[in-house]
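Me: I'm new to reading protein structures, and I'd like a close look at one single part. Could you walk me through a strand and what sits around it?

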Amino acid sequence: MDKHSKPKENRKKPYIIACIPAYNEEKTIAKVILKAKKYVDKVIVCDDGSTDMTAEIAEALRAKVIRHERNMGYGAAIGSLFEKAREEDPDIMITLDADGQHNPDDIPKLIKPIIDGEADVVIGSRFLASEAEIPTYRKIGIKIINWITGAKAKKISDTQSGCRAYSKKALQLIKPVEMGMGVSTEILLKAEQNNLKIREVPIEISYGVERPSTINPLTHGLDVIFSTVKQLSIRHPLMFYGIPGTISLLVALGAGLMLIHLFNTTRYFSLPLAIITVGFGIAGAILCSTAVMLWILISIIREQERK
């Protein structure tokens, strides 16, 4: 029997697993797995529809491999890894990229705040260490994303880091659903929603890997922004849709009163004022009704989840 398959009660604590999303990483996956194995009890790889030998190499190194029949995206791979990790019921779960950018030797640094009871989610931040190797466009892009999402992510310096550690509590409470790169922000928002303690530790990151990123920086940024907007609209529908809806209705009301007053005093029908009244009135009605319907629907879903 494999030593990592023995009954949970016989395991030495803490039981740690490393989860690695991978897509066409045959050149780097072996090194990442072998180095990670020095610090964890089990390695799980999600092969996200690779067309090379990524999955075969991982299996040869005795990693547990989850296979996606087609490439579904980084978020889908993370979601599958979270689901599989919950079945393993570890004390700590680590996530690392498969391209060699993250150094598995940083794992002890990641897990220490969880072992010490200081955190539920630990993020390896490239901005708390040396920034010398980070390409300028990445620095700018990540800082823009951090600024957009920071207010709802407890001012994390590196919201897009894929090098993270999760406690047992975090693993049970966070269930990612985003399919793309927005999953990193989604996880932080859900951690905040569940009052989980978030910490950052400095890590070194290497961009001198053999294969460049397959994700366009602009696509990455837009994916994160749209994901954040969606998550916030789901969490606070009355505020997110209701406030602009109410403002639109007030603008429509003001324009309508001006239109009526102008017509009564001059008998002149102002087409621009009429367009503003109708346009803002329709937009306001749609936004306010959307806010109420989403609030009701989400409230029902949350009540069902509590049962």
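Reply: Let's start at Ile 123, whose bridge partner in strand 7 is Glu 200. Keep in mind that this is a predicted model. That pairing belongs to a longer match: strand 5 and strand 7 (residues 198–202) run parallel and are joined by 5 bridges.

Now look at strand 6. Here the bridge partner of Ile 123 is Arg 164. Strand 6 (residues 164–167) runs antiparallel to strand 5, and 3 bridges hold the pair together. So Ile 123 has one bridge partner in strand 7, Glu 200, and one in strand 6, Arg 164.

What about the two faces of strand 5? Both are covered. On one side you'll find Val 121, Ile 123 and Ser 125, and on the other Val 122 and Gly 124, every one of them buried. Put the whole strand together and 5 of the 5 residues (121–125) are buried, so strand 5 is largely enclosed by the rest of the structure.

For contrast, take another isoleucine, Ile 243, which sits in helix 9. Its relative accessibility is 45%, so Ile 243 counts as partly exposed, because that value falls between the 20% and 50% cut-offs. Ile 243 also belongs to a nonpolar patch on the surface, along with Met 239, Ile 247, Val 251, Ile 276 and Phe 280. Together these residues have about 500 Å² of accessible area. Helix 9 (237–266) and helix 10 (271–306) each supply at least two residues of the patch, and helix 9 gives the largest share, with 4.

Definitions and conventions: Residues numbered from 1 in each chain as written. Predicted model: local features only at pLDDT ≥ 70, side-chain atom pairs only at ≥ 80, totals over all residues. Heavy atoms only, no water. Buried < 20%, exposed > 50% of the residue type's maximum accessible area, 1.4 Å probe, protein only. Pairing = 2+ DSSP bridges. Patch = residues over 30% accessible without salt bridge, like charges linked within 9 Å, V, L, I, M, F, W, Y side chains within 5 Å. Areas by Shrake-Rupley, 256 points an atom, 1.4 Å probe, with all protein chains shown as cover. Salt bridge = Lys/Arg side-chain N within 4 Å of Asp/Glu carboxyl O.
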